[in-house]
Amino acid sequence: MVCSIASAHCLPSPDGRYIATLFPTLINVRSIQSWEPIHVVRLPQDFIGPFLFFQWSPSSRLLLVASFDQVRVFSALDANYHATIRNPVAPHLKPTHIDFGASDTEICVMASFGLKFTVFDLISSKATEIGSPKFSSSTAVRRGFSFRPQSNHLAILTRTAGKDTISIHAFPSRELQRSWAPETIDAQGLLWSPDGRWLVVWESSALGHKVVFYTPDGNLFKTWSGPVNPTHEETDFALGAGVKTVQFSPDARLLAIGDHSKSLSIVDMTSTMEVLRLRHPNNLVPKGTLQIWQERIGISHGPIMHTFIRASQAVSPPPRPHEAAEQLSGCATIAFDLSSNLIATRIEDFPSTVWIWDVQAAVLRAVLLFHGSVSTLSWHPHVRETLLIRCEGDHYNSVVFIWDPLSEGPQSVDFSQQLSGFKAVGKWHASWLGVDASTPLSLFYSDTQNYVLASLADSDRDSLPWINPRNPQGGDGPSRAESPLELVPATADEADEADALQAGDDGDIVMEDTYGYKR
């Protein structure tokens with residue numbers, strides 16, 4: 001593992017080549033391969049925190065930093081590039097979403113209370129405002145707009161006078177090309193298919209099962225109205241809650257639709273017909289094609305140990321606790337792997353269970369039973385059938401799990417052993433490092449004071465993506481303290497700030513932290 005100092009804003013680039021860390025006065029961009037700082041961006045003196053958003057561009061070339069009243073875009077490698085957007089929303093309003101759009105030259109800003117959605121073009125310095133976006137909260141804003149692959153057309157859902165409207169905007173001008181009222185009463189989201197051939201819109205679950213399929217030019221093609229062949233238990237599905245979540249497979253061949261039941265519908269997009277209904281059972285019976293792994297937690301004077309044993313007898317997944325604040329139901333998470341052959345699901349009825357389905361064979365392949373509620377499921381972006389799992393609870397501080405079909409159950413990765421105090425400081429995050437499949441699997445972890453890179457290499461002979469050229473043999477290398485103040489020479493006016501940071505007063509930076517090169 002490799003460790004280094006971080007802040008509350010620390011992100012790897014989408015291509016897995018760089019790590020950017022936002023400090024109060026600068027941005028440090030480090031190369032993962034050489035582990036050396038390759039660029040330092042000094043923030044303008046009139047650009048001060050708190051910072052609300054920090055993002056990489058899709059191409060890994062630009063960095064976005066946003067405060068309440070300013071949006072700044074910097075190049076990760078070129079000191080001469082700099083763009084500024086002042087007052088992106090009306091005074092006294094807080095933006096709920098700021099991110100890059102379909103390209104590096106677009107910035108999308110959502111104002112609070114759903115007043116407007118604005119697309120800024122960094123090349124022409126023009127802004128396109130779209131009024132009354134339907135979803136403006138930070139948790140739901142992503143359901144309200146979608147960019148079409150290849151052509152980059154923007155589809156956005158708005159609502160005025162109690163009626164939904166879908167509008168299509170061209171790239172890069174964002175001129176309105178077409179708008180129409182969808183065949184819904186209270187649409188809950190829209191999504192382009194990965195191949196750009198379909199735009200799907202789903203109805204509120206309170207109004208039954210309904211997913212509407214549109215062609216790219218806005219023509220209605222078909223409507224899905226619930227399971228085609230419901231079981232005896234589902235004969236009254238029309239009286240229950242409808243669609244909860246939808247997800248396309250990466251190859252755009254399948255669409256998974258989850259509702260508030262324990263079942264999942266699979267639609268074949270070549271015919272837009274339901275071809276499969278996956279049902280999460282209440283009782284699990286091990287057999288040759290089904291692996292059931294149960295977690296065992298060992299607590300001693302040392303670190304908490306997470307191991308898994310394969311069930312040999314029938315078991316039942318643990319249900320949601322009766323004392324829970326809300327008694328939720330239905331499919332909460334759907335995730336296709338890179339091959340589009342496996343689906344990982346989590347349903348609210350059994351929040352600590354991960355279900356892994358083989359779509360081609362139409363069978364349940366694996367069930368992973370944890371003690372804590374599962375919070376995130378993430379397949380590797382470049383390696384097939386490799387799943388990252390994170391759980392909630394005191395026993396899962398800085399711990400993630402890796403599963404693949406050939407492993408003997410999920411393998412735990414405990415980052416706390418690399419941290420001072422052996423626990424995370426503030427909120428922590430773990431994700432795949434987006435390097436290609438030619439290098440060993442790698443993970444990125446960060447909290448408010450540290451970040452860690454971990455390799456899942458099978459042997460010492462496997463090449464690591466961050467080997468230091470000055471220490472090509474790997475192993476333990478020289479350790480040194482790192483400070484953002486070392487990267488940019490401090491002036492006399494900054495002496496007081498430097499003293500404060502070195503004393504640890506800032507809270508986001510721990511000066512005495514060190515890092516070393518380890519396998």
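**Close-up views of a predicted model**

**View 1. Confidence along the protein chain.** In this predicted model, the protein chain has an average pLDDT of 86, and 86% of the residues score at least 70. Over residues 474-519, by contrast, the pLDDT is below 50, although this stretch has 92 contacts in the model beyond near neighbours in sequence. Where pLDDT is low, the predicted coordinates should not be read in detail.

**View 2. The largest nonpolar core and the strands that supply it.** This core has 23 residues, and Leu264, Ile266, Leu284 and Trp355 are those with the most contacts inside it. At least two of its residues come from each of strand 23 (254-259), strand 24 (263-268), strand 25 (273-279), strand 28 (331-336), strand 29 (342-347), strand 30 (353-358) and strand 31 (363-369). A second, separate core has 20 residues, among them Val374, Trp379, Ile389 and Val399.

**View 3. The surroundings of isoleucine 266.** Leaving aside residues up to four places away in sequence, Ile266 touches Leu254, Leu255, Ala256, Met273, Glu274, Val275, Leu276, Leu278, Ile343 and Val359.

**View 4. An open sheet of 6 strands.** The strands follow the order 27-26-31-30-29-28, with mixed pairing. Strand 27 (305-310) and strand 28 stand at the edges with a single partner strand each, so one side of each is left without a neighbour in the sheet. Direction ignored, neighbouring strands of this sheet are turned by 20° against each other on average.

**View 5. The pairing of strand 29 with strand 30.** These two strands run antiparallel and are joined by 4 bridges. Threonine 345 has tryptophan 355, in strand 30, as its bridge partner, and Trp355 is also one of the residues with the most contacts inside the largest nonpolar core.

Notes. Residues are numbered from 1 along each chain as its sequence is written. This is a predicted model: local features need pLDDT of at least 70, side-chain atom pairs count only at pLDDT 80 or more; totals for chains, interfaces and linings use all residues. Side-chain values use heavy atoms; hydrogens and water are left out. A nonpolar core is a set of buried Ala, Val, Leu, Ile, Met, Phe, Trp, Tyr and Cys residues joined through side-chain atoms within 4.5 Å. Buried means under 20% relative accessible area, exposed over 50%, partly exposed in between (1.4 Å probe, protein chains only). Contact means heavy atoms within 4.5 Å. pLDDT is the predictor's confidence in each residue, from 0 to 100. Two strands pair if DSSP finds at least two bridges between them. Axes are lines fitted to C-alpha atoms, for helices over the stretch in contact, and angles run from 0 to 180 degrees between N-to-C directions.
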